[in-house]
Amino acid sequence: MELPKLAHGKRFTLPRPTGSADALLLAQLGEREKAAGRPTTIVTADANDAQRLLDEIAFFAPALRCALFPDWETLPYDTFSPHQDLISERLATLWRIRQRDRETGADVVLVPATTALYRLAPPSFLAAYTFEFKVKQRLDEAQLKAQLTLAGYSHVTQVVSPGEYAVRGGLIDLFPMGSNVPYRVDLFDDEIDSIRTFDPDSQRSLYPVPEVRLLPGREFPMDDAARTRFRSRWRELLEGDPTRSRIYKDMGQGIATAGIEYYLPLFFEDTATVFDYLGSDATVVLHGDLEAAFQRFWQDTRERHRLLQGDPDRPILPPEALFLSAEQFYTLGKPHAQLALRSGVEDVPDSALFQPLADLAVVRGAEDPLARLHAHIRSTAQRVLLLAESDGRRESLLDFLRASQLNPPAFDSLAEFQA
């Protein structure tokens, strides 16, 4: 099919393709946008669709680097924190979005709609706490220095404590925030020749490491400045005596109480959104009925806020401080080139539509159980590809097909079939 031409600030709407055809369409779109140097972000009304598209786009376009930005999988104002693996995956995805021109970047990012409403730590926080280097990887020294400056790192002559970096010829000494040891990156031209830890006291190199990837353990900082800011903004934004709250007292002692994620805005002067990470040139796909998903989310969130507010031990922030409204989401997305895939859309040229197949189900007990498939193969000029879930299922399917006088060749990939 011919992909629609998308323009910044404009939205092109198509009917949502049937079956897995949406994944094929989005894989083609992702490949086109990647060739133009633009990332693609797919916001899905259903979280299950995000996971499905992640798997299926990889089938149709294996060269696309796809990433999922997962949800916390907790309800608003829950008193327990998200699983550490989810936090790690979220931070890794945000990092990959910002590194899209490198091998570790992401060409296509999938985000469930309600996850896209959550306010996030600003990109400067991620720049300060997350680093990834690999031996033999190309490294732009100027870009790295700009990133470190944005993160508030100090340029010094000799690195001795966290938050410092030094550049001496082809050597970059870096002490990442949250790390127990500093690292020495040895450059050969613009390629990393080696990475070693070193002793900040003696400045002597210690042992080599093949790669360095340091993700913060949380989506917020816990240094002295951040905890001071948290307590100050608590007194500013939340009513009641702060000394009656265990969360407030724990923060003074450097303890992150379970469920602290729903106080994230208190750690920062300004929060960010997923759009701040995507960049202004990203193409945004709106997949499914986002309005209904937003409405359900806000209805549930307001009800939970109504039930839980007023607890002096655990006062809560208003929903508006934690989440984007639907109007704010669409306003932030408006400058981007947008493709909307929605059910029930009409008046679209036939060339833009995927046509569903007729019912090809097996008729058990019939003289020819595959009569419908036989008829389809005879009547179509197109090649036919049958998919199986696994190698074992493929062999079972082939045995069944051969019993009906069909003996198709087997392929290991879509590219092999197309070739």
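What share of the contacts in the protein with a separation of 6 or more is accounted for by residues 24 or more positions apart? The share is 71%. With that figure in mind, the tour below proceeds through a predicted model, one selection at a time.

**The whole chain**

Begin with the C-alpha trace of the entire protein, which spans about 80 × 60 × 40 Å along its principal axes. In a cartoon view, 14 helices and 14 strands are to be found. Of the 419 residues in the protein, 45% are buried.

**Helix α1**

Select residues 21-35, which form helix α1. This helix has 15 residues, and the distance from its first C-alpha to its last is 21 Å, close to the 21 Å expected at 1.5 Å a residue. Next, display the side chains of its buried residues: A21, D22, A23, L25, L26, A27, L29, G30 and E33.

Which elements do the buried residues of α1 pack against? Four of the partners to colour are strands: β1 (11-15), β2 (40-44), β4 (108-112) and β13 (283-287). The buried residues of α1 also pack against helix α2 (47-60) and strand β14 (337-342). Just after α1, centre the view on G37, where phi is positive at about 80 degrees.

**The open sheet**

Now select strands β6 to β11. An open sheet is formed by 6 strands, and their order is β6-β7-β8-β9-β10-β11, with mixed pairing. At the edges stand β6 (154-155) and β11 (205-208); each has a single partner strand, so one side of each is left without a neighbour in the sheet.

Within this sheet, turn to β9 (residues 183-188), which pairs with β10 in the antiparallel sense over 6 bridges. Select R184 and look across to β10, where R196 stands opposite. The hairpin of β9 and β10 has 2 residues between the strands, and D189 in this hairpin takes a positive phi near 60 degrees.

Continue along β10 (residues 191-198) to its pairing with β11, which is antiparallel and runs over 2 bridges. Select F198 together with S205 of β11, its bridge partner. These two strands also form a hairpin, with 6 residues between them. In its turn, Q203 has a positive phi of about 65 degrees.

**The second largest pocket**

Rolling a probe the size of a water molecule over the atoms shows where empty space is left. Switch to a surface view and locate the second largest pocket, whose volume is about 440 Å³. To find its centre, select A47, D71, P112, T114 and T115, which lie nearest to that point among the 25 residues of the lining.

Which helix gives the largest share of this lining? Helix α9 does so, with 6 residues. Helices α2, α3 and α9 (290-308) each supply at least two residues of the lining. By class, the lining of this pocket divides into 12 nonpolar, 6 polar and 7 charged residues.

**The cavities**

Enclosed spaces come next: the structure holds 3 cavities of 30 Å³ or more. The largest cavity has a volume of about 50 Å³. To outline this cavity, select W72, Y118, R119, E261, Y262, L264, P265, L322 and F323. Its lining comprises 7 nonpolar residues, no polar ones and 2 charged ones.

Move then to the second largest cavity, which contains about 40 Å³ of space. The residues to select here are L91, L94, L120, A121, F125, L126, E219 and Y277. Both α3 (84-98) and α4 (123-129) supply at least two residues of this lining. The classes in the second largest cavity are 7 nonpolar, no polar and 1 charged.

**A last stop at S325**

Finish with S325, in the loop between α10 (319-322) and α11 (326-333). Is S325 buried or exposed? Its relative accessibility is 19%, and therefore S325 counts as buried, since the cut-off for a buried residue is under 20%. To see what surrounds this serine, show L117 and W298; S325 is in contact with both, leaving aside its neighbours within four places in sequence.

Terms used:
Residues numbered from 1 in each chain as written. Predicted model: local features only at pLDDT ≥ 70, side-chain atom pairs only at ≥ 80, totals over all residues. Heavy atoms only, no water. 1 Å grid on protein atoms, 1.4 Å probe; cavity = no way out; pocket = protein on both sides within 12 Å on 5 of 7 lines; lining within 4 Å. Points joined across faces, edges and corners; volume = space filled by probe spheres on them. Nonpolar A, V, L, I, M, F, W, Y, C, P; charged D, E, K, R; others polar. Buried < 20%, exposed > 50% of the residue type's maximum accessible area, 1.4 Å probe, protein only. Contact = heavy atoms within 4.5 Å. Expected span 1.5 Å × (residues − 1). Pairing = 2+ DSSP bridges.
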